[in-house]
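Me: I would like to go through this structure with some short questions about its sheet, its helices and its charged pairs. Please give the reasoning before each result.

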Amino acid sequence: MSETVYFNGAYVPYEQAVVSVEDRGMLFADGIYEVVRAYGGRFFHIEGHLERLVTSAAEIRLPLPSLDELRAAMAGVFERSGLRDASVYVQVTRGHPGPRAHALPVRATPTCFAVARPVPAPDPMHVAHGAAAVTIPDRRWHMCHVKSVGLLLNSLAKQAALDAGAQEALFVRDGVLTEGSATNAFSVTNGTLRTHPDGPHILPGITRQVVLELAERLGISVRQQAVPLADLYAADEVFVSGTNSEVLPIVSVDGRAVGAGHPGPVTRRLAEAFRDATRA
Ligand code: PDD
């Protein structure tokens, strides 16, 4: 069965969803996206994702289709996929207003598509026993709060992690942990959970927000405070969070064991609470 893609107002077979070679998404990475999980037939925090899409669009002066249209498109591809658990991708670029030109076009018709896919979930071994991470200098731009399709440095970081036999790359900027290549990052020291504060150097992850709320509810002390690399190495626990990764324990960083080298109690409590939230 060919996948159905929502493409600029219509549902079409995958092969028919093609864009111009001069789409600004292709020429300038002039576009934004969201990835939303569905569990058991229902979207998880779709409104948070749509709000973030609106913020991303405003930051890059991109006219968005209406939120009703985007919501309907995401629901449309999800329903047509026949999946109960899915990862729904939606992307909007500034379209192809004419020959390549740096300045923003006066009038642009966005290119918008959405597709629902089976979930690229992490290996159950890594979920149960923890994954490995390596640190990478964070050379990305200073607008990481925008969910831009300009992901080359994230992509290179992820590949560097895989090349090193690890599963995730953790970005370090000015000596502190910012986030993962496709995740937010947390450490636990003496029972206190720490994660980089919101701002231009991290994506305000939806999963991160859920984790922070769960931590509060569980009485775990939380600080939105940058973690220096030395503290990361000395942390009792480390984990990452993301729409596809959920809550994933990290048991080694740059080849050094984190804590006792297996998922710690705070991570396990949060991972379990997160799983419960996805079933609620
Ligand atoms: N990435 N930080 C970065 C750089 C990310 O790309 C992502 C998600 C996150 C986690 O955000 P959230 O919890 O809202 O998924 C943090 C998506 C899943 C991706 O690019 O596929």
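Me: Which residue does the side chain of E34 meet in a salt bridge?
Reply: This is a predicted model, so the distances are those of the prediction. Side chains of opposite charge can pair when their charged atoms come close. Here the N to O distance is 2.7 Å, and the partner of E34 is R52.

Me: Which elements does that pair link, and how many residues apart are E34 and R52?
Reply: E34 belongs to strand β3. R52 belongs to helix α2. The pair therefore links distant parts of the chain, with a separation of 18 residues.

Me: Is R52 buried or exposed?
Reply: The cut-off for buried is under 20% relative accessible area. E34 is buried, because its value is 1%. R52 has 7% relative accessibility, so R52 also falls under the cut-off and counts as buried.

Me: At about what angle does helix α2 run to β3?
Reply: Helix α2 covers residues 46-59 and lies across β3 and β4. The angle between helix α2 and β3 is about 175°.

Me: Which strands stand at the edges of the six-stranded sheet?
Reply: The sheet is open, with antiparallel pairing and the order β2-β1-β6-β5-β3-β4. A strand at an edge has a single partner strand, so one of its sides is left without a neighbour in the sheet. The strands at the edges are β2 (10-13) and β4 (42-43).

Me: Which residue of β4 stands opposite Y39?
Reply: Strand β3, residues 31-39, pairs with β4 in the antiparallel sense over two bridges. Opposite Y39 in β4 stands R42.

Me: Which helix holds R71, the salt-bridge partner of E47?
Reply: The side chains of E47 and R71 meet with an N to O distance of 2.9 Å. E47 lies in helix α2, and R71 is 24 residues apart from it. At 39% and 28% relative accessibility, E47 and R71 count as partly exposed. The helix that holds R71 is α3 (residues 67-81).

Me: About how many helical turns separate D68 and R71?
Reply: D68 also forms a salt bridge with R71, with the closest N and O atoms 2.9 Å apart. D68 is exposed, because its relative accessible area is 58%. D68 and R71 are three residues apart in helix α3, which means a separation of about one helical turn.

Me: How many residues of strand β8 are buried?
Reply: On one side of β8, E168, L170 and V172 are buried. On the other side, A169, F171 and R173 are buried. Strand β8 (residues 168-173) is therefore largely enclosed by the rest of the structure, and the count of buried residues is six of the six.

Me: Which residue stands opposite F171 in β8?
Reply: Strand β7, residues 131-137, pairs with β8 in the parallel sense over five bridges. Opposite F171 stands I136.

Me: Which residues are linked with R173 in a network of salt bridges?
Reply: R173 is one of the buried residues of β8. The network of salt bridges links R173 with D138, R140 and E179.

Me: What is the area of the nonpolar surface patch made by L152, L153 and L156?
Reply: L152 is found in helix α5, residues 152-163. L152 counts as exposed, because its relative accessibility is 62%. With L153 and L156, L152 makes a nonpolar surface patch of about 300 Å².

Conventions. Residues are numbered from 1 along each chain as its sequence is written. This is a predicted model: local features need pLDDT of at least 70, side-chain atom pairs count only at pLDDT 80 or more; totals for chains, interfaces and linings use all residues. Side-chain values use heavy atoms; hydrogens and water are left out. Patches are made of residues with over 30% relative accessible area and no salt bridge: like charges are joined within 9 Å, nonpolar side chains (Val, Leu, Ile, Met, Phe, Trp, Tyr) within 5 Å. Accessible areas come from the Shrake-Rupley method with a 1.4 Å probe; for residues, only the protein chains shown count as cover. A salt bridge is a side-chain nitrogen of Lys or Arg within 4 Å of a carboxyl oxygen of Asp or Glu. Helices (H or I, at least four residues) and strands (E, at least two) are DSSP runs, numbered from the N terminus. Buried means under 20% relative accessible area, exposed over 50%, partly exposed in between (1.4 Å probe, protein chains only). Two strands pair if DSSP finds at least two bridges between them. Contact means heavy atoms within 4.5 Å. Axes are lines fitted to C-alpha atoms, for helices over the stretch in contact, and angles run from 0 to 180 degrees between N-to-C directions.
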